[in-house]
Amino acid sequence: WGIAFEGDTRHIIYTTSEANSVSTIETYKKEAPEYGFEIETIGIGAEAEVAQAADVLLEKVDCISNMTDNTVVSALAVVLDKANAKNIPVFGSEEEQVKNGCLASAGLDYIELGKQAGIMAAKVLNGEKISSMPYETVKESKMTINNEAAQKLGITFGDDVLAKAVAVN
């Protein structure tokens with residue numbers, strides 16, 4: 001991203017009952033050392049706990065990463081309000097979160113995913129058996145930035161990021 005943050009720990013709020021979040025947290029913790037940092041998490045059980053978790057994190061972080069955790073995303077406005085009040089950036093995991101106020105994201109391009117799913121569906125409709133189809137993943141990620149959020153936070157992106165990213169405002 002071309003943005004340097006002090007410290008070597010990244011913080012994430014996640015819902016302990018969402019299997020997708022638990023799995024993603026484990027992947028993050030496993031891969032973080034390769035990038036020179038650790039993951040610290042706060043697990044929550046309900047949307048009502050997001051505000052308190054954000055308050056705890058914002059006392060000790062220089063940025064927050066947000067996943068596609070359904071519970072946390074539904075309270076994203078709370079996290080953003082609290083983080084913005086402390087001038088702390090929040091990174092999203094997909095374009096809609098950036099449109100809603102996160103600084104930036106690099107993640108799955110849902111349009112490309114839909115196209116790929118359509119191609120696979122056409123193969124099935126043309127008689128190919130699902131059991132014989134290879135497992136596929138979307139290979140390209142989409143970088144999205146929120147220029148308004150960056151300006152409010154006093155953050156500028158490097159030319160390499162600007163050349164690859166889509167701005168949402």
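Lys86 counts as partly exposed, at 42% relative accessibility; here buried means under 20% relative accessible area, exposed over 50%, and partly exposed anything in between, with a 1.4 Å probe and protein chains only. Its side chain meets that of Glu59 in a salt bridge, 3.0 Å from N to O. The salt-bridge criterion is a side-chain nitrogen of Lys or Arg within 4 Å of a carboxyl oxygen of Asp or Glu. This pair links distant parts of the chain, 27 residues apart: Lys86 sits in the loop between α4 (76–85) and β4 (90–91), and Glu59 in the loop between α2 (50–58) and β3 (64–65). Glu59 counts as exposed, at 60% relative accessibility.

A quick word on what you're looking at. This is a predicted model, in which local features need pLDDT of at least 70 and side-chain atom pairs count only at pLDDT 80 or more, while totals for chains, interfaces and linings use all residues. Residues are numbered from 1 along each chain as its sequence is written, and side-chain values use heavy atoms, with hydrogens and water left out.

Now step back to the whole chain. It has eight helices and seven strands; these are DSSP runs numbered from the N terminus, with helices being H or I of at least four residues and strands being E of at least two. The C-alpha trace spans about 55 × 40 × 30 Å along its principal axes. Of the 169 residues, 36% count as buried. Take the contacts between residues at least 6 apart in sequence, and 66% of them join residues at least 24 apart; contact means heavy atoms within 4.5 Å. The chain exposes about 9900 Å², of which carbon and sulfur atoms supply 51%. Those accessible areas come from the Shrake-Rupley method with a 1.4 Å probe, and for residues only the protein chains shown count as cover.

Back to α2, the helix that comes before the loop holding Glu59. Val50, Ala53, Ala54, Leu57 and Leu58 are buried in this helix. Around the axis they cover an arc of only 125°, so they end up on the same side of α2. That arc is taken from the directions from the helix axis to the C-beta atoms.

The salt bridges are worth following further, and the structure holds nine of them. One joins the side chains of Glu95 and Lys99, at 3.7 Å from N to O. Both residues lie in helix α5 (residues 95–99), four residues apart, or about one turn of the helix. Lys99 is partly exposed, with a relative accessible area of 45%. This pair belongs to a bigger picture: Glu95, Glu96, Lys99 and Lys142 are linked in a network of salt bridges.

Next, helix α6, and a good place to start is Gln116, which lies in this helix (residues 110–125). Gln116 counts as buried because its relative accessibility is 17%. Its side chain joins that of Glu136 through a polar contact of 2.9 Å. For a polar contact, the pair of N or O atoms must be within 3.5 Å; within protein, one must be able to donate a hydrogen and the other to accept it, and residues adjacent in sequence count only if both atoms are side-chain atoms. Setting aside neighbours within four places in sequence, Gln116 is in contact with Glu136, Thr137 and Val138.

Glu136 turns up again in a salt bridge with Lys123, 4.0 Å from N to O. The two are 13 residues apart and link distant parts of the chain, with Lys123 in helix α6 and Glu136 in the loop between α6 and β6 (141–145). Lys123 is partly exposed at 32% relative accessible area, and Glu136 is partly exposed at 30%. Val124 lies in α6 too, and counts as partly exposed at 33% relative accessibility. Apart from its neighbours within four places in sequence, Val124 is in contact with Ile130 and Met133.

Finally, the cysteines. A disulfide is a covalent bond between the sulfur atoms of two cysteines. A search of the whole structure finds zero disulfides, the criterion being a pair of cysteine sulfur atoms within 2.5 Å. Cys63 is in no disulfide, and the nearest cysteine sulfur, that of Cys102, is 11 Å away. Cys102 is likewise in no disulfide. Cys63 is buried, with a relative accessible area of 2%, and Cys102 counts as buried at 0% relative accessibility.
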